[in-house]
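Open the model in your viewer and keep the selection tool handy. We will walk from one element to the next, pausing at each stop to see what is there.

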Amino acid sequence: MALQLKRIAILCSFNLDLLKRPLSEVLAQAGVKSELYFTGYGLWEPEALDPQSPLHQFAPESVVLFADAADVLPPLHPGDQLSRRADAPAAAGAVWQRLTTVINGLLANLPQQSTLLVHNFVLPRLSALGTLEDNAGLSAGATLNILNDQLRALAESNPRVRIIDYANFVAEYGRNTLFDNRLWYLGRMHFGRGALNHVAALYARYLAALFTPRRKCLVLDLDNTLWGGVLGEDGPQGIALGQEGIGLAFREFQLAILALAQRGVILAVASKNNPADAWEVIDRHPEMILRRQDFACLEIHWNPKSESLPRIAETLNLALDSFVFWDDEPREREIVRTQHPAVFVPEVPADPSEYARALLNLDCFDVLNLTDEDRRRGKMYHQEADRQQWLTAASATNLGEFYRSLNMTICIAQPDAYAVPRFAQLTQRTNQFNFTTRRYTEGDIRAKLSDPSFGLYTISLEDRFGKLGLIGAAIVERQNKAWLLDTFLMSCRALGRGVEDAFLSMLATEAADAGLALHGTFISTKKNVPARQFLERLKIQLQAVGEENFTFQIDPAHVAFPSWIGKQDGSNSNGH
């Protein structure tokens, strides 16, 4: 798939021009084709505030704002006293006013879909206080603590602002590794040349999370992965898993896995093992963090793991390019890489004490927001397993009665602020039932919401097994002579029960009520065959307008609203 060009601007309080080449290269490796703009030294504030500046003419889709503490709170400034903790609120207030003037200027003048990534603050390398820092009523850090709290509050209240955790970055690599004082005096640069690749990787991690699809599912081995030892040789009582020694490393690895699950990553197991022994450990071992209910799918048997992965994908209705496979055994990793190149197979450290760190450093799971669906994803996949089991066992002979017994209720609504991240997430992640596979960021969705020529819709679903949450989205461009269906998509978890019919029926009826026809575009891909089959089932004629591009027209007669689906008022939209 061709990479979409993203315009990215870097506003920095010092000279960061040398970052351009490594950042461009790392972004390309991360799947982001970029056009970069750097403000010159000393211009980060004037360009931000001038709507006619080259920065705003560049119209970036994302801006990195780096106001370094060494520049806005210089430690060796010619003041008449050292930094007192009691003066921290006033000092922070002055910097905050300066910073928010820039931030507000950017938010007011940048395109509505743009996102602002702001560095948090860390103590400068030079310190006028030395061992007096946080002693004798003196503290430079107290001012930065206040500023960082204010930044957190801003990011919490404004979805266009996100924080780059620069403080943790400096802690990880160290000031002596990152900074070169000679370059400051020679060219107003803080970072040494060796640090630029690290900075580029830091930015790429955030920008890739903003612009590229994320991996959804972590598939794990068991032996020497979730616990130390081989179950078939050591037995359930002989494995290493506990509060001491290497057993603690495996326990903390499980805690790291659980943290990913709480961020919305689906967990599965592919293990060659005796199922009875594996269940004995998973269900009864007192030091297991992860239990049966934490996994959406478990393939435990003696067949090849490479055969388990497609079955897990089919069970979860996910594509293999959503998967990450973690196995301590190099041979198993190589087999999966060879047979399923779409699966991301990271190198696993030889030392289990490095497992947790390596897992949490995988950038393929990074997100900059967390939706309700993310938090409930594990539970929803368990509900889906119950749902599929019930559907398989159900004996209804009439299809309508069969679906009616599911007690399905939908809610179609305009997305509110809470639903914007999920809306954007669906456009980024949905491939199979997606008419156009147009990808939109949260900023894109917010911009369309504020444009009266666009109508945005979400659909949520609940049935007898629980809430499936927000499972579909549509964007309609309301033109004078017709409504144009820009986007129509649905999560595969909800397909095949008439919900997609209900959603499209509502849109066609609403357009007809406005006295206009609903026109659509279908862009064929390798993956959206189910969406095309849906249109073919409705006998909607596709007119070719280019290679793999088609147009069509829908009226209410094409698609009936299924009688077995109930409707909820959309005024309390999206299940919040």
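Start by selecting Cys297, which counts as buried because its relative accessibility is 9%, under the 20% cut-off. Keep in mind throughout that this is a predicted model. Is there a disulfide at Cys297? What you find is that Cys297 is in no disulfide, and the nearest cysteine sulfur, that of Cys217, is 8.2 Å away. A pair would need its sulfur atoms within 2.5 Å to count. The structure as a whole holds 0 disulfides. Another cysteine to click on is Cys12, buried at 3% relative accessibility.

**Around Cys297: β6, β7 and β8**

Stay with Cys297 and look across to Ala268, which stands opposite Cys297 in β8. Now select the whole of β8, residues 297-301, together with β7: the two run parallel and are joined by 5 bridges. Strand β7 covers residues 266-272, and 6 of its 7 residues are buried, so β7 is largely enclosed by the rest of the structure. Add β6, residues 217-220, which runs parallel to β7 and is joined to it by 4 bridges. Within this pairing, Leu218 stands opposite Leu267 in β7.

**The parallel sheet**

Next, colour the open sheet of 5 strands, whose order is β2-β1-β3-β4-β5 with parallel pairing. Which strands stand at the edges? They are β2 (33-38) and β5 (161-164); each has a single partner strand, so one side of each is left without a neighbour in the sheet. Look along the sheet to see the turn between neighbouring strands, which is 25° on average, direction ignored.

Select β1, residues 5-12, which pairs with β2 in the parallel sense over 6 bridges. Two bridge partners are handy to label: Arg7 has Glu35 of β2, and Ile10 has Phe38 of β2. Strand β1 is mostly covered, with 6 of its 8 residues buried.

Now bring in a helix. Helix α6, residues 141-157, packs on this parallel sheet, where α6 touches β4 (115-119) and β5. The direction of α6 makes about 140° with that of β5.

**A helix to trace: α5**

Move on to α5, residues 88-109, and draw a distance from its first C-alpha to its last. This helix of 22 residues reaches 31 Å, close to the 32 Å expected at 1.5 Å a residue. To see the covered part of α5, select its buried residues, among them Trp96, Leu99, Ile103 and Leu106. Small residues are on that list too, including Ala88, Ala92 and Gly105.

**The mixed sheet**

Colour the open sheet of 8 strands next: its pairing is mixed, and its order is β15-β16-β14-β13-β12-β11-β10-β17. The edge strands β15 (543-546) and β17 (566-568) each pair on one side only. From one strand to the next, the twist averages 30°.

For a closer look, pick β14 (residues 517-523) and β16 (residues 549-554), which run antiparallel and are joined by 6 bridges. Label His519, which stands opposite Gln553 in β16. Then show α22, which packs on the sheet and touches β10 (409-413), β11, β12, β13 (482-490), β14 and β16. The direction of α22 makes about 165° with that of β13. Helix α21, residues 442-449, lies across β11 (454-463) and β12 (466-478), running at about 115° to β11.

**The nonpolar core**

Which residues touch the most other members of the largest nonpolar core? Select Phe435 and Phe488, which do so among its 42 residues. Helix α22, residues 499-513, gives the most to this core, with 8 residues. Show the contacts of Phe435 beyond its neighbours within four places in sequence, and you will find Leu485, Phe488, Phe522, Phe534 and Phe552 among them. Polar residues are on that contact list as well, including Thr521 and Asn528.

**Last stop: α20**

Finish by selecting α20, residues 420-429. How many of its residues are buried? The count is 10 of 10, so α20 is largely enclosed by the rest of the structure. Hide the surroundings to bring out its buried residues, including Arg422, Phe423, Gln425, Leu426 and Arg429.

Conventions: Residues are numbered from 1 along each chain as its sequence is written. This is a predicted model: local features need pLDDT of at least 70, side-chain atom pairs count only at pLDDT 80 or more; totals for chains, interfaces and linings use all residues. Side-chain values use heavy atoms; hydrogens and water are left out. Two strands pair if DSSP finds at least two bridges between them. Axes are lines fitted to C-alpha atoms, for helices over the stretch in contact, and angles run from 0 to 180 degrees between N-to-C directions. Contact means heavy atoms within 4.5 Å. The expected span of a helix is 1.5 Å times one less than its number of residues. Buried means under 20% relative accessible area, exposed over 50%, partly exposed in between (1.4 Å probe, protein chains only). A nonpolar core is a set of buried Ala, Val, Leu, Ile, Met, Phe, Trp, Tyr and Cys residues joined through side-chain atoms within 4.5 Å.
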